[in-house]
Amino acid sequence: MNLKSFLFALAFLLVVVGVVAGVKALQIGRLISSGEEGEGPPVETVSTAPVTKERRERSVESVGSLRAVQGADLSTEESGMVTKIFFENGQEVKEGDLLLELDTQTEQANLRSAEAEADLARTVYDRTKQLRVNSTVPQSEMDTAESNLRKMTALVEQLRSTIRKKQLRAPFTGRLGIREVNLGQFVDQGDKIVSLQSLDPIFVDFLLPQQLLSQLTPGRPLRVITDVYPDKVFDGELTAVNTEIDPVTRNIRLQGTLSNPGGLLRPGMFGRILLSLGESSEVTSIPLTAVVAATYGDSVFVIEEKTGEDGVTKTVATQRFIRTGRAEGDFIAVTEGLQPGETVVSAGAFKLRNGSVVEVNNDMAPRPERQPSPEDS
């Protein structure tokens, strides 16, 4: 490259740098000018909610699963071919209802034969007993007749028992599931025929940490909510506390009993349990939407009125870190960082910074509820 080309490139570079510097200087000048004229960051529109104090019943929350008070997979005690089915899927049955029969033709024939032999044995026994009164027959013949009667009576009872074992009856009152066999099917001893569950009342099993053991006494009220019926609360009570604590998790197993009219709750369902500990206390409460969650801690934006050096009063959102407690519905308890009577940003906090100037508009703000019941979209 000769000297002339070098000078030309250098001159072009200086022109470009000058243009960029001029544009930046113009932008900076405009910002300084707007600051002198009193313009600042844009005012953000937010919704607010008061910090309130309320009395809450002291309770603890857990999750658990529902279990039938009585439940079993029914089966026959003998093998055989299914000849009669007396129930429908999902049917309500009572204790002792006949559900199914297996083929008993052979056993019935043997039973008739054994009953005839037993009748004959009884006749012989009665005649021998009369003759023995007059010493017409020896005692040995009397003993033989008595032994034969007992043997034939036992055989009759054995055959009747075998026939009963080929009949399936409901061991308790409840609701049947879906049958697993069909007419003409051969089933082995112990094969599942149908499940039977007693649904009212129903158990709920759940766990709580060992620290609460001294407060866990049977009879305490509890409530269960499931996602199947989100707008319905099922009431019950704590009925059993396990005698041992899990050495791995240090949790104790608990069991509650719920009234379940209509069988709405089913064994195996998942539920959220709220167990009352019998005490109430005052807590500071704010809407859940006011909490800004972050890895370094939860915070809220508190609304304050501040007057600047120019004498103008502005509504400012000041960030404040808090400690939270248990949530209830759309509200959450605050254990540290707020005082009742203060006002926090309940909607729009995500776009704020500490010291942001805000404008309050609660016209379109969602209303938090203690027991929300969201509608399906």
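## Salt bridges

A salt bridge here is a side-chain nitrogen of Lys or Arg within 4 Å of a carboxyl oxygen of Asp or Glu. The model is predicted. Arg320 and Glu304 meet that cut-off, because their closest N and O atoms are 3.8 Å apart. Arg320 lies in strand 15 and Glu304 in strand 14 (residues 299–307), so this pair ties together parts that are 16 residues apart in sequence. Arg320 is partly exposed, at 24% relative accessibility. Glu304 is partly exposed too, with a relative accessible area of 26%.

Arg320 has a further partner. Its side chain meets that of Glu342 in a salt bridge, at 2.9 Å from N to O. This pair links distant parts of the chain. Glu342 sits in the loop between strand 17 (331–336) and strand 18 (343–347), and the two residues are 22 residues apart. Shared partners join Glu304, Lys306, Arg320 and Glu342 into one network of salt bridges.

## A link between two helices

In total, the structure holds 14 salt bridges. One of them pairs Glu115 with Arg160, the closest N and O atoms being 3.0 Å apart. Glu115 belongs to helix 2 (residues 105–133) and Arg160 to helix 3 (residues 139–165). The two residues are 45 residues apart, so the pair counts as a link between distant parts of the chain. Glu115 is partly exposed at 26% relative accessibility. Arg160 is partly exposed at 34%.

## Strand pairing

One open sheet has four strands in the order 6-5-3-8, with antiparallel pairing. Strand 6 (167–169) and strand 8 (186–187) stand at the edges. Each has a single partner strand, so one side of each is left without a neighbour in the sheet. For strand 8, strand 3 (residues 80–85) pairs with it in the antiparallel sense over two bridges. Met81 has Phe186 of strand 8 as its bridge partner.

Strand 19 (residues 356–360) pairs with strand 1 and with strand 15. Strand 1 (residues 44–50) runs parallel to strand 19, joined by three bridges. There, Glu44 is bridged to Val358. Strand 15 (residues 313–321) pairs with strand 19 in the antiparallel sense, over two bridges. Val316 takes Val357 of strand 19 as its bridge partner.

## Nonpolar cores

In soluble globular proteins, nonpolar side chains tend to be buried together. The largest nonpolar core in this model has 20 residues. Those with the most contacts inside it are Phe206, Leu208, Leu216, Leu222, Leu258 and Leu275. Elements giving two or more residues to this core include strand 2 (52–74), strand 11 (234–245), strand 12 (251–258) and strand 13 (270–287). Strand 9 gives the most, with four residues.

Leu258 touches residues that include Leu66, Pro201, Leu222, Phe234 and Leu265, leaving aside those up to four places away in sequence. Apart from this core lies another, of 16 residues. Among them are Ala170, Leu176, Val187 and Val194.

## A buried loop residue and a surface patch

Is Gln215 buried or exposed? Gln215 is buried, because its relative accessible area is 19% and the cut-off for buried is under 20%. Gln215 is found in the loop between strand 9 (194–209) and strand 10 (221–225). Beyond four places in sequence, Gln215 touches Arg58, Arg220 and Leu277.

At the surface, Leu10, Leu13, Leu14 and Val17 make a nonpolar patch of about 380 Å². Leu13 has its place in helix 1 (residues 3–36).

Methods
Residues are numbered from 1 along each chain as its sequence is written. This is a predicted model: local features need pLDDT of at least 70, side-chain atom pairs count only at pLDDT 80 or more; totals for chains, interfaces and linings use all residues. Side-chain values use heavy atoms; hydrogens and water are left out. Two strands pair if DSSP finds at least two bridges between them. Buried means under 20% relative accessible area, exposed over 50%, partly exposed in between (1.4 Å probe, protein chains only). Contact means heavy atoms within 4.5 Å. Patches are made of residues with over 30% relative accessible area and no salt bridge: like charges are joined within 9 Å, nonpolar side chains (Val, Leu, Ile, Met, Phe, Trp, Tyr) within 5 Å. Accessible areas come from the Shrake-Rupley method with a 1.4 Å probe; for residues, only the protein chains shown count as cover. A nonpolar core is a set of buried Ala, Val, Leu, Ile, Met, Phe, Trp, Tyr and Cys residues joined through side-chain atoms within 4.5 Å.
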